[in-house]
Amino acid sequence: MLQSRSMRLHCANIPSFLLIFLVLSLLQTPTQATKKPYIVYLGSHSHGPNPSSTDLERATSSHYSFLGSYLESDEKVRDAIFYSYTRHINGFAAILDDTKAAEIAKHPNVVSIFLDKGMKLHTTRSWDFLRLETNGGIPSDSIWNKARYGEDTIIGNIDFGVWPESKSFSGEGFGPVPSKWRGICQDGVKDGVRCNRKLIGARYFNKGYIAYSKANNFTFSIQHNPYLFSTRDYNGHGTHTLSTAGGNFVRRANVFGYGNGTAKGGSPRARVAAYKVCWPVINEHECFEADVIAAFDAAINDGVDVLSVSLGTDSPSEFFDSSISIGAFHAVANGITVVTSAGNEGPGPETVTNVPPWLVTVGASTIDRDFTSYIALGDKKHLKGASLSSSALPSEKFYPLISGADAKAAKASTSDAQQCKRGALDPKKVKGNILVCVWGKFARSEMGEQAFHSGAVGMILANDIRRWNDVIADPHLLPASHINFTDGEFIFEYLNSTKTPMAYMTRVKTQLGVKPAPLVAFFSSRGPNLIEPTILKPDLTAPGVSIIAAYSEGTGALEVTTDERRVPFNIKSGTSMSCPHISGVIGLLKTLHPYWSPAALRSAIMTTARTRDSNREQMLDAATMQRATPFAYGAGHVQPNRAMDPGLVYDLTIDDYLNLLCAHGYNETTIKLFSNKPYKCSKSFTLVNFNYPSIAVPNLGSEQVNIVTRKVKNVGIPGTYTAYVKAPAGVSVSVKPKTLKFKRIGEEKTFKIIMKPKIAGKPRDYVFGWLKWSDGKHCVRSHIVVKHK
């Protein structure tokens, strides 16, 4: 629809001689009139936004009557029309020849008429960006085809539940539920979730939440809180993440018309199960450890293959002081891959959470799509912002501009007013203005809500210095544009130097092919790993910014109480969104390689990840727009098609994890409690020799040599691999042996990496390099991170 409008505006500027030529070409009658599908757009309906059945019938009749004035019979009209748009868009689609189309184009009530052309799919975009599809088509060598779209792999999601009526979870076209499935569909006291052959399981866990509530003097009853006993998602987060991992193909998915295309999950033919552990906020908490452990316990028993967990704490915990770590350890012991989010506490160092070595920890990166609203200031300066607002400014003109501080209520602090805090604004001062708010400690959605209810015609959201480049497109209640700190400074400089500051904001536009991409997202939590520095975390990155996926229709698009807009798809950003991308990819790999261990699956996606962007340059960090490091992107940005044939993998068994725990400081007595078998700590094992796909040496010694040992398993064709090294700055690195020859699948070989500082006591800070094994076809890369102790 936007494209049609754009084409129409361009036509308004066509020179008269070209317009005459265009009309004449339409009027030319071919020797044999070829009929084609046309769309006749008539504008909007007179019946309003809530039409009755009579209104809809009347609209349909008007379309048939309109076309009947051009065709010879009612029968021909019935044969021609194949769509009648009767609710909001007024128009119809019909099979017409060019002559009739040219005649209809002259009618004064016709806004436009155009061919129903085939279009390239502008999908929820991330899977196109990851090259599982190309321009809306799926190449024969895509992992989707090779892995049968994740057919019958079971993906569980520990989150906010599910909106089961979403088309992303329709069971149409699916065969019987896999025989291994032992789960249930747990009905609640109200609005219970009904499962099907796609959504095969739904459970909720709330006892930890209730216990915390009672301990903090919050009381609950079924009467007043019916949603407390249902797996139904009234937040949106659970539906969004589950559909990203395993949602069906759903055409015409968009958010307020933006990002239009086909939504789908990473494993669109997988079966999915929802485990609800998160509830309405109490004291800034939504999900509780006791409930998370219960969910893991149930999911393991139910028979899931992959668990997606977009949850975490603000800071990392010791391995067994975390419900996610504990639950995941037992899941991995049962062959289940657990994928988790790295956290949204970036861009500072040592902020990554979910750091145990048995987890797949995912950071967030951008894709090549922006939702943009430009700001024009009265001094002719133009600034680029991000937005997904459903509305535009009332008129295409400049409006008065006012800062939150200048619009403060009488008893409010300047700081609160500047951040547009609830109750801090004077509506009389705000009304009719574009309001400038500073994003600091308050939620963006709440700031937009306050601007809207205070009477602003629009809002400019400017970052404070801590937020810097963290710019996010949100579906605000009013026209809005989110800008970075530097551009915010331009606006405040303009406000402070002008008596009558004015501004204008353009309608949101979807931009594709944005470069460079990917960037490491500003908010994505960074390493090094505070709990065990020899394990590099995050493991890798995946799309996590402005991701469109299915959503709950039990909450507003903006997640504020006054937002009555309901959307089947919504846009969200965070490592919560990148996590299920990897869960979906793991689902594909599990279908393709059902007997690979969780460690082998993780190795495949890590060693094949890329660190180059669309400009073929080193990935940049959005926080600084400088080169990112493995502490930001881990092994790099996921490449699903390459992960299905990694050549070699770094595999691990439960005994390997027990050895690491022993070296980390857990004693044999403790380890026996969860290993379910006799265990004795290995005296020869050291933490740097844990067979992880990345290599982190946080305590490089001054002695002559530092030796790291690794073992690789051949999962591809027989061949000879040669080692290539890019040594970290100030460190000498060699590999022995330099070649590895494999004769069969499953064969394992050990090698050593010998490191030595070129100058004693250096490097003082972390430096980075890599080791790559290649047989000419496969490239198996491990990042090297080194620091002197």
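How many helices and how many strands does the protein have? In the predicted model described here, the protein has 21 helices and 37 strands. Of its 789 residues, 57% count as buried, and the accessible surface of the protein comes to about 34600 Å², with 51% of that area belonging to carbon and sulfur atoms. Among the contacts in the protein with a separation of 6 or more, 73% are accounted for by residues 24 or more positions apart.

Helix 17, which spans residues 598-607, offers a clear case of burial, since ten of its ten residues are buried, so that the helix is largely enclosed by the rest of the structure. The buried residues of helix 17 are P598, A599, A600, L601, R602, S603, A604, I605, M606 and T607. The loop between helix 17 and strand 27 (620-621) contains R616, and this arginine, in contrast to the residues of the helix, is exposed, because its relative accessible area is 72%, where over 50% is required for that class. On the surface, R616 gathers with R131, K515 and R642 in a patch of positive charge.

A further buried position is found in helix 8 (residues 207-215), to which G208 belongs. The relative accessible area of G208 is 12%, and the residue is therefore buried, the limit for this class being under 20%. When its neighbours within four places in sequence are left aside, G208 is in contact with F288, A290 and D291. The C-alpha atoms of G208 and A294 are 9.4 Å apart in space, although 86 residues separate the two in sequence.

Side chains of opposite charge can pair when their charged atoms come close. A search of the whole structure finds 20 salt bridges, and three of these pairs are described here. In the pair formed by R271 and D152, the closest N and O atoms are 2.8 Å apart. This salt bridge links distant parts of the chain, with R271 in strand 9 (residues 271-276) and D152 in the loop between helix 7 (143-146) and strand 5 (154-159), the two residues being 119 residues apart. The partners also fall into separate accessibility classes, as R271 is buried, with a relative accessible area of 2%, whereas D152 counts as partly exposed because its relative accessibility is 32%.

In the second pair, the side chains of D370 and K384 meet in a salt bridge with an N to O distance of 3.2 Å. Since D370 lies in strand 15 (residues 369-377) and K384 in strand 16 (residues 382-386), the pair ties together parts that are 14 residues apart in sequence. Both partners count as partly exposed, D370 at 24% relative accessibility and K384 at 39%.

The third pair joins E72 and K76, for which the closest N and O atoms of the salt bridge are 3.4 Å apart. Here E72 is exposed, with a relative accessible area of 59%, while K76, at 43% relative accessibility, counts as partly exposed.

Technical notes
Residues are numbered from 1 along each chain as its sequence is written. This is a predicted model: local features need pLDDT of at least 70, side-chain atom pairs count only at pLDDT 80 or more; totals for chains, interfaces and linings use all residues. Side-chain values use heavy atoms; hydrogens and water are left out. Buried means under 20% relative accessible area, exposed over 50%, partly exposed in between (1.4 Å probe, protein chains only). Helices (H or I, at least four residues) and strands (E, at least two) are DSSP runs, numbered from the N terminus. Patches are made of residues with over 30% relative accessible area and no salt bridge: like charges are joined within 9 Å, nonpolar side chains (Val, Leu, Ile, Met, Phe, Trp, Tyr) within 5 Å. Accessible areas come from the Shrake-Rupley method with a 1.4 Å probe; for residues, only the protein chains shown count as cover. A salt bridge is a side-chain nitrogen of Lys or Arg within 4 Å of a carboxyl oxygen of Asp or Glu. Lys and Arg count as positive and Asp and Glu as negative; His and the chain ends are not counted. The place of a charge is taken as NZ of Lys, CZ of Arg, CG of Asp or CD of Glu. Contact means heavy atoms within 4.5 Å.
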